[in-house]
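I opened the file to look up core packing, one helix and the chain contact. My entries follow the order of the lookups.

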Amino acid sequence: MLAKKLTTGTAGVVPSGSLIQLSTTDIIASRNNPRHLFDLPQLEALKKNISEHGVLVPITVFRPKGQQKYSILDGERRYRCCVELEESGKQLTIPANVVEPPTKIAGLLYMFSIHNFREQWELMPTALGLKTVMETLGETDNDTLCKLTGLSEPQVERCKKLLDVPDKYQQLSLDSNPETRIPSNFWIELHPVLSLVIERLPKLAKEFTRDGVIDALLAKYRAGQIKSVIHFRRIMEAYEVAENNREAVLHRLDKYVRDINLETREAFDEFVVDNRRIQGAVDACNQFLKDIDRLKVDYTLDRKELRDALRKVRDYADKLMAKLEGGDAPSSGGKIKGK
Amino acid sequence: MMLHEWWKCRRAVQKFQGYEPQPITKESLMRWLNQFQDPKDRKLVLSLLDSILYLNERDVQRALLELNRRLLHRLREAGIPPDKVIYVQIDDAGSSSPVMLNFLRNRAGLDRLGCKLVDSRNIRGFNEMTSQLGDGAIVYVDDFVGTGDQFAEVREFIGDYIFGSFSEFFLVPSICEEGVHQLGRIGVEPITKYVHSRSARPLHDYSYILDEASKRRLIELSAEMEPSCYYRGLGYKYTAGMVVLYRNAPDELPRIFRGSINQNPKVGIFPRHSDLPI
């Protein structure tokens with residue numbers, strides 16, 4: 001019921017208040033609305049407007065318990081414009097609706113809405129925020145959570161995946177030191193790779209245990225042998241494209257987990273890059289045949305130039321065929337072996 | 001040594017008692033002073049000592065206890081009981097914030113009162129605490145805030161994990177004017193005893209304590225102390241702060257007091273721990 005009520009947005013849970021006039025010194029900036037969230041040209045336009053007409057639409061504020069100043073619930077940009085105008089010597093008062101402090105859940109949903117509209121929230125606080133929403137409202141359904149928070153379904157899914165990561169690993173993404181913090185995306189990108197290891201490399205999984213595999217990959221990440229967390233995708237891509245060679249990919253994955261010095265792309269590029277290149281070459285051959293057929297040159301009178309060009313194509317194809325069959329072309333103009 | 005120099009040094013030794021990184025003695029003061037050959041320079045650098053705001057252990061502890069008592073009283077009046085107050089230490093173990101919080105914990109009996117204590121690096125614990133309480137107050141504790149940049153960085157990160165309606169305070173015996181503005185920008189109210197204004201810092205651009213020529217000369221001498229340093233030897237971001245805490249001098253203190261890195265070639269009277277040779 002509460003969830004239903006809340007899906008209508010935070011406005012529904014913010015009580016209406018009384019209107020007063022405040023000076024900028026009566027107000028403190030919102031802690032969750034850092035300056036860099038604002039679009040400068042828009043801010044300049046608003047500042048010009050306020051400079052000419054004053055603040056026409058009241059901001060919404062509340063007074064947190066124990067604080068003498070008011071915190072802004074809505075109207076951070078108007079407030080910032082006034083501060084800047086005051087710094088340049090203009091005196092202003094700001095009409096403000098004073099409301100009761102929002103409840104925890106209303107405040108949280110407000111944070112979600114700010115981040116949805118202005119700047120993406122980091123994945124970790126989003127996940128923890130979602131967890132609080134789920135626990136407080138007893139709601140786990142993706143659709144309802146999307147409506148409540150404004151997050152997309154994939155975002156909710158990613159958050160849930162992150163919340164499934166054991167606490168001791170989540171803690172690594174909550175490190176206040178950015179130098180040593182493990183990005184929360186690490187866990188999301190790791191997820192399919194870990195599943196692959198558990199399902200397809202049972203011997204390794206048994207020997208290392210699940211946490212042991214995670215620890216090995218963490219150590220590899222810290223050692224700089226996973227240069228970006230998205231490189232985990234290379235492993236999955238290798239496994240997906242190497243339909244006839246999956247055993248080789250799995251063998252490499254086994255080695256990759258065991259050997260801290262084996263870098264991700266160094267380990268898996270050959271599976272991915274080769275497949276892509278071969279597919280590209282096949283496409284180019286097919287396109288060539290299609291193009292040449294479409295030109296209808298069978299009855300052209302002057303054929304010498306064309307014959308020379310086709311000969312070049314044939315020579316190139318012969319050379320390539322020989323290489324692919326394991327032969328070796330002579331370095332300069334000799335006859336092609338194996339023909 | 002001239003008589004007035006002897007007198008100034010004697011007073012300085014008394015005033016700066018208990019500086020932990022390196023005790024201030026008559027000898028250490030003389031070593032520092034003797035680096036300046038010109039009598040005019042000696043007079044100038046000695047005059048600077050009068051503008052130092054030195055907070056010894058007792059000053060800091062008394063200020064902290066008093067400020068904390070008043071804050072808790074104010075919060076209680078506003079309907080926030082101590083068990084809804086979260087005290088936060090903001091730096092690594094070994095730096096001043098944990099020491100100050102630990103002192104408060106013991107002397108003000110924070111645990112007995114039911115206050116919560118958390119390390120800002122324990123984001124999960126911090127997040128769970130705010131989430132469980134829903135509302136209340138968050139009190140950051142340290143002995144000094146300079147520009148406030150370091151704190152703002154920490155605050156920006158942990159701010160995303162505060163779930164609920166919390167008033168935020170910074171309990172700090174001494175703070176620079178720049179720090180007050182910085183805290184204001186991020187919505188944290190300083191609870192402090194001394195606000196160190198820019199005009200009270202003789203080497204600061206906005207100060208008129210010294211005439212221009214004397215100021216320029218002292219800035220030159222400060223820069224000469226450590227040629228590789230930034231901000232013309234005026235301390236972090238040209239703050240030219242004159243506050244010195246018994247535990248360590250802030251990075252905002254001009255080089256003329258701190259000396260060179262490793263105290264070589266020039267010695268200071270208030271070297272930071274990191275300025276001393278290992």
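I looked up the contacts of Tyr87(B), with contact meaning C-beta atoms, placed from the backbone, within 7 Å. Leaving aside neighbours within four places in sequence, Tyr87(B) touches Leu101(B), Leu110(B), Cys115(B), Lys116(B), Leu117(B), Val139(B) and Val141(B). The model is predicted, so I note that local features need pLDDT of at least 70 and side-chain atom pairs count only at pLDDT 80 or more, while totals for chains, interfaces and linings use all residues. Residues are numbered from 1 along each chain as its sequence is written, and chains are lettered from A in the order in which they are written.

I then checked the largest nonpolar core (buried Ala, Val, Leu, Ile, Met, Phe, Trp, Tyr and Cys joined through C-beta atoms within 7 Å; buried means 20 or more other C-beta atoms within 10 Å of the residue's own). This core has 134 residues, and Tyr87(B), Val139(B), Phe170(B) and Leu171(B) have the most contacts inside it.

Next I took α9(B), a helix here being a DSSP run of H or I of at least four residues and a strand a run of E of at least two. Its buried residues are Glu178(B), Gly179(B), Gln182(B) and Leu183(B). They line one face of the helix, because the directions from the axis to their C-beta atoms fall within an arc of 130 degrees. Their cover includes β5, α8, β6 and β7 of chain B. Just after α9(B), Gly187(B) has a positive phi of about 80 degrees.

Last, I read the interface: 32 residues of chain B contact 26 residues of chain A. On the chain B side, α8(B) gives the largest share, 5 residues.

Notes
Contact = placed C-beta atoms within 7 Å. Buried ≥ 20, exposed ≤ 12 C-beta atoms within 10 Å, placed from the backbone.
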